[in-house]
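Student: I'm new to this structure and would like a close look at one part. Could you take me through the pockets and what lines them?

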Amino acid sequence: MDGDLAPLPELSRLAQAYEADLYVDDAHGTGVMGPRGQGTAEHFGLEASIPFQMGTLGKAFGSSGAYLAGSSTVIQYLMNSSRSFIFTTAPPPGSAAAATAALRIVQREPERRARLWANRERLFTGLTGLGFTLSSTVSPILPILVGNADRALSFAEHLFREGIYAPAIRPPTVPDATSRIRVTVTSEHQPCQIDQALAAFQRAGQSAGLI
Ligand SMILES: *Cc1c(COP(=O)(O)O)cnc(C)c1O
């Protein structure tokens, strides 16, 4: 919800000190974080010390399903004991093929990731420059803090009239008084589209009394 990163180096040190296994759910990091898009573990240089890495194939990969990477013993154990996995039909071949193709794109087309981060910078700098308050985000997820739930709703309505679909996120999804509009960019947004969004945010933010 905040676009922040878990303090993985500290968590990893604690897990080692207490002989615990660390399990990373990297749904938002897969394909995005790290020089090669391998995720948050790669971002922190911790690939070798995280025993379980899970990610979804439904976000950056644009397909559906998920993966868990770990030792073969644990993977065998889970395949034979996970209640929701046993007797469930395997993912359709089309989804598996789409995810495989996406994996190749993540590996072979790093320029897409570079564009994603450049777009993220453009939107982030633009929004903060307009005077919006953003969470302490370090990812392409940019939450614009509004506070009051009704105000967040009216801000979202203003944005929608400006052609920007960005639903308000309110309690109980986020704590009281931290209602927000959460947006993200993709590698395929053009700079002019981001500028168009910024102009819409400026008008909507002024109408909603946020800036
Ligand atoms: C989206 C998300 C999931 C769920 O992924 P699906 O593939 O949609 O089931 C799990 N964990 C986190 C942190 C997510 O953001």
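Tutor: Happy to; here is a walk through the pockets, with a short stop at a sheet that shares a strand with this story. Please keep in mind that this is a predicted model.

Let's begin with the largest pocket, whose volume is about 660 Å³. It is lined by 24 residues, and those closest to its centre are Val32, Lys59, Ala60, Leu116 and Val185. Where does the largest pocket lie? Domain 1 (8-108) and domain 2 (111-207) both contribute to its lining, so the pocket sits between them. At least two lining residues come from each of α4 (93-108), α5 (110-130) and β6 (179-184). By character, the lining holds 12 nonpolar, six polar and six charged residues.

Now for the second largest pocket, with about 450 Å³ of space. Here 15 residues form the lining, and Ala66, Tyr67, Leu68, Met79 and Phe85 are the closest to the centre. Two or more lining residues come from β3 (66-69), and the same holds for α3 (72-81). This lining has 11 nonpolar residues and four polar ones, with no charged residue.

Let's follow β3 a little further. It belongs to an open sheet of three strands, ordered β1-β2-β3, with mixed pairing. β3 and β1 (23-25) are the edge strands, each with a single partner, so one side of each has no neighbour in the sheet. On average, neighbouring strands are turned by 10° against each other, direction ignored. β1 runs parallel to β2 (residues 52-56), and three bridges join them. Along this pair, Asp25 is opposite Met54 in β2.

Note on methods:
Residues are numbered from 1 along each chain as its sequence is written. This is a predicted model: local features need pLDDT of at least 70, side-chain atom pairs count only at pLDDT 80 or more; totals for chains, interfaces and linings use all residues. Side-chain values use heavy atoms; hydrogens and water are left out. On a 1 Å grid over the protein atoms alone, a cavity is a set of points where a 1.4 Å probe fits but cannot get out, and a pocket is an open set with protein on both sides within 12 Å along at least five of seven lines; lining residues have an atom within 4 Å of a point. Grid points are joined across faces, edges and corners, and a volume is the space filled by probe spheres set on the points. Helices (H or I, at least four residues) and strands (E, at least two) are DSSP runs, numbered from the N terminus. Ala, Val, Leu, Ile, Met, Phe, Trp, Tyr, Cys and Pro count as nonpolar, Asp, Glu, Lys and Arg as charged, and the others, Gly among them, as polar. Domain bounds come from an automatic or database domain assignment. Two strands pair if DSSP finds at least two bridges between them. Axes are lines fitted to C-alpha atoms, for helices over the stretch in contact, and angles run from 0 to 180 degrees between N-to-C directions.
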